[in-house]
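Got the viewer open and a selection box ready? Here is a short tour, one stop at a time, with something to pick at each.

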Amino acid sequence: MTRNDKAHGGSSPGAELPKFSVNVVPTDQLRREDLATVLNLYRRGQVTPLIFGDGNKPEAAIIPFAAFVRLMKYDHAAHVHAEADFQAELSHRIQESDASGEAGMTVEELAESLGPLGQQWADDHRAAQQNKRHE
């Protein structure tokens, strides 16, 4: 089966994966011996994932722990970068709004206009404000 960026969710714009092939092991055929074999391969430096699912559809992968740590670091760095970009744009828009002197929107409305990360920030900000009021 050939896979591309849709195989991993395509969550990062511009982060397309090259096409690659995977062999999917049906979950009902996955045995303890298969896991032991994969673990021994990882101990010898192999990094090929064990991909399993049903109906030849990849649903999960077992990978070496070092690869998992690399992925977590990459995801964290991407999140930090996105958060920094979001904060910079938010600050820029607030400064423009202040400079114009016009009645504007709330900081939550402004954040929401910046996309999903802004929506999450606005929701978190509102929840924090409500928690302060209830204390």
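Start by selecting I51 and A61: I51 stands opposite A61 in β5. Keep in mind throughout that you are looking at a predicted model. Put a distance label on the pair and you should get 4.3 Å from C-alpha to C-alpha, across 10 residues of sequence.

**Around A61**

Stay on A61, which is found in strand β5. How buried or exposed is A61? Its relative accessible area is 46%, so A61 falls in the partly exposed class, given that this class lies between the 20% and 50% cut-offs. Now show what touches A61, skipping neighbours within four places in sequence: P49, L50 and I51 are in contact with this residue.

**The hairpin**

Widen the selection to β4 and β5. These two strands pair in the antiparallel sense, over 5 bridges, and they form a hairpin with 2 residues between them. Zoom in on the turn and pick G55, where phi is positive at about 65 degrees.

Next, click N56, also in the loop between β4 and β5. What is unusual about the backbone of N56? Its phi is positive too, about 60 degrees, although N56 is not a glycine. For background, most residues other than glycine have a negative phi. As for its surroundings, N56 is partly exposed, at 41% relative accessibility.

**Out to the whole sheet**

Add β3 to what you have selected. You now have an open sheet of 3 strands in the order β3-β4-β5, with mixed pairing. β3 (24-26) and β5 (57-62) are the edge strands with a single partner each, so one side of each has no neighbour in the sheet. Turn the view to look across the strands: the twist averages 45 degrees from one strand to the next.

Where does the mixed pairing come from? On one side, β4 and β5 are antiparallel; on the other, β3 and strand β4 (residues 50-54) run parallel, joined by 3 bridges. To find a spot on that parallel side, select P26, which stands opposite G53 in β4.

Before leaving, colour β4 by accessibility. Of its 5 residues, 4 are buried, so β4 is largely enclosed by the rest of the structure.

**Across to the helices**

Hide the sheet and bring up helix α2 (residues 65-100) and helix α4 (residues 116-134). How do their axes cross? They come within 10 Å of each other, at an angle of roughly 80 degrees, and α2 and α4 are therefore roughly perpendicular. Show side chains where the two helices meet: H79, A82, E83, F86 and Q87 from α2, with L117, G118 and W121 from α4. Coloured by class, this contact has 4 nonpolar, 3 polar and 1 charged residues.

**F86**

Pick F86 out of that group; it lies in helix α2. The relative accessible area of F86 is 5%, so this residue counts as buried, the cut-off being under 20%. Which residues does F86 touch beyond its neighbours within four places in sequence? Select A111, L114, L117, G118 and W121 to see them. You can also draw a line from F86 to G115: the two are 29 residues apart along the chain, and their C-alpha atoms are separated by 9.2 Å.

**V107**

One more residue to click: V107, in helix α3 (residues 107-112). At a relative accessible area of 29%, V107 is partly exposed. Its contacts, leaving aside neighbours within four places in sequence, are L90, I94, W121 and H125. W121 should look familiar, as it is also in contact with F86. A distance label between V107 and I94 gives 8.0 Å from C-alpha to C-alpha, for residues 13 apart in sequence.

**Zoom out**

Finally, show everything again. The chain has 4 helices and 5 strands, arranged along the sequence as β-β-β-α-β-β-α-α-α. Colour the 135 residues by burial and 13% come up as buried. Switch on the surface, and you have about 10300 Å² of accessible area, 54% of it belonging to carbon and sulfur atoms. If you draw contacts between residues at least 6 apart in sequence, 34% of them join residues at least 24 apart.

Technical notes. Residues are numbered from 1 along each chain as its sequence is written. This is a predicted model: local features need pLDDT of at least 70, side-chain atom pairs count only at pLDDT 80 or more; totals for chains, interfaces and linings use all residues. Side-chain values use heavy atoms; hydrogens and water are left out. Buried means under 20% relative accessible area, exposed over 50%, partly exposed in between (1.4 Å probe, protein chains only). Contact means heavy atoms within 4.5 Å. Accessible areas come from the Shrake-Rupley method with a 1.4 Å probe; for residues, only the protein chains shown count as cover. Axes are lines fitted to C-alpha atoms, for helices over the stretch in contact, and angles run from 0 to 180 degrees between N-to-C directions. Angles under 35 degrees count as roughly parallel, over 145 as roughly antiparallel, 65 to 115 as roughly perpendicular and the rest as oblique. Ala, Val, Leu, Ile, Met, Phe, Trp, Tyr, Cys and Pro count as nonpolar, Asp, Glu, Lys and Arg as charged, and the others, Gly among them, as polar. Two strands pair if DSSP finds at least two bridges between them.
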